[in-house]
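Here is a short briefing on one protein chain. Keep the sequence and the 3D view side by side as you read.

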Amino acid sequence: MNVRKRISMLAMAGALALGMASAQSPASASSVGKPVTSVRAECGVRSDARLYCGNRAGAKGYADRSYRSATRGQLNGTFSWFQCWGHGDPHPGGNDIWYWTQLDSGAWGNVPAVDVSTGQDPAPGLRQC
């Protein structure tokens with residue numbers, strides 16, 4: 001196989017891998033222009049005022065800030081955005097902070113902070129709702 005053909009095949013494989021890595025659900029954050037590893041390690045509020053942060057795969061979103069409320073869906077991926085935070089029922093994370101986001105079902109729900117990989121709760125710079 002000649003060098004040009006090999007380079008062309010490597011470029012196509014890279015483009016395919018990049019395209020697959022950017023296929024995301026509603027709450028999943030875009031990683032355009034950043035290596036996947038740096039985006040996954042990020043946890044902070046961006047210029048759109050949303051918190052972009054890692055989360056537990058399969059984290060459930062609830063109608064209210066309580067495990068006793070109805071489940072509206074879940075976050076299947078491990079990196080999502082969150083619109084705001086609020087106080088609710090205490091959870092195993094040792095506080096009562098819950099984050100509001102659009103779940104993979106398309107519904108909006110409250111995710112307990114124990115399922116979001118923040119350094120502190122509430123996340124600095126994110127508005128309260």
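The points below cover confidence, disulfides, the sheet, the core and a few polar contacts.

This model is predicted. Its average pLDDT is 80, and 68% of the residues score at least 70. The structure contains 2 disulfides. It also has an open sheet of 3 strands and a largest nonpolar core of 14 residues.

**Confidence**

- Begin with the stretches that call for caution. Residues 3-26 have a pLDDT under 50 throughout. The model gives this stretch 11 contacts beyond four places in sequence.
- Residues 28-39 also have a pLDDT below 50. Here the model has 17 contacts beyond near neighbours in sequence.

**Disulfides**

- A disulfide is a covalent bond between the sulfur atoms of two cysteines.
- Number the bonded cysteines in sequence order, and the pairing reads 1-2, 3-4.
- Cys43 and Cys53 form one disulfide, with their sulfur atoms 2.0 Å apart. The angle about the S-S bond is -95°, and this link is left-handed.
- Cys43 sits in the loop between α2 and β1, while Cys53 sits in strand β2, so the bond ties together parts that are 10 residues apart in sequence.
- Are these two cysteines buried or exposed? Cys43 is partly exposed, because its relative accessibility is 34%. Cys53 is buried, because its relative accessible area is 0%.
- Cys84 and Cys129 form another disulfide, and their sulfur atoms are 2.0 Å apart. The angle about this S-S bond is 85°, and the link is right-handed.
- Cys84 belongs to strand β6 and Cys129 to the segment after β8 (108-112), so this bond ties together parts that are 45 residues apart in sequence.
- Cys84 is buried, because its relative accessible area is 2%. Cys129 counts as partly exposed, because its relative accessibility is 35%.

**The open sheet**

- Follow the strands across the sheet. The order is β1-β2-β5, and the pairing is antiparallel.
- Which strands form the edges? They are β1 and β5 (79-82), and each pairs on one side only.
- Strands β1 and β2 run antiparallel and are joined by 2 bridges. Val45 stands opposite Leu51 in β2.

**The nonpolar core**

- Nonpolar side chains tend to be buried together in soluble globular proteins.
- The largest nonpolar core has 14 residues. Leu51, Phe82, Tyr99, Val111, Val116 and Leu126 touch the most other members.
- Strands β2 (51-54) and β7 (97-102) each supply at least two residues of this core.
- What does Val116 touch, not counting residues up to four places away in sequence? The list is Cys53, Gly54, Asn55, Phe82, Tyr99 and Val111. Cys53 is thus a link between two topics: this residue touches Val116 and is bonded to Cys43.

**Asp89 and its partners**

- Find Asp89 in the loop between β6 (84-87) and β7. Asp89 is partly exposed, because its relative accessible area is 22% and the cut-off for buried is under 20%.
- Asp89 is in contact with Arg65, Ser66, Arg68, Asn95, Asp96 and Trp98, leaving aside its neighbours within four places in sequence.
- Two side-chain polar contacts stand out for a look in the viewer. The side chain of Asp89 meets that of Ser66 at 2.7 Å. The side chain of Asp89 meets that of Arg68 at 3.1 Å.
- Ser66 lies in the loop between β3 (59-62) and β4 (71-75). Ser66 is buried, because its relative accessible area is 9%. Leaving aside neighbours within four places in sequence, Ser66 is in contact with Asp89 and Trp98.
- Asp89 and Pro112 are 23 residues apart along the chain, and their C-alpha atoms are separated by 9.0 Å.

**Glu42 and Arg46**

- Glu42 is in the loop between α2 (36-41) and β1 (44-45).
- Is Glu42 buried or exposed? Glu42 is buried, because its relative accessible area is 17% and the cut-off is under 20%.
- The side chains of Glu42 and Arg46 are joined by a polar contact of 2.9 Å.

How values were computed. Residues numbered from 1 in each chain as written. Heavy atoms only, no water. Helix = DSSP H or I, 4+ residues; strand = E, 2+ residues; numbered from the N terminus. Buried < 20%, exposed > 50% of the residue type's maximum accessible area, 1.4 Å probe, protein only. Polar contact = N/O pair within 3.5 Å; in protein donor to acceptor, adjacent residues only side chain to side chain. Core = buried A, V, L, I, M, F, W, Y, C linked by side-chain atoms within 4.5 Å. Contact = heavy atoms within 4.5 Å. pLDDT = per-residue confidence, 0-100. Disulfide = S-S within 2.5 Å. Pairing = 2+ DSSP bridges.
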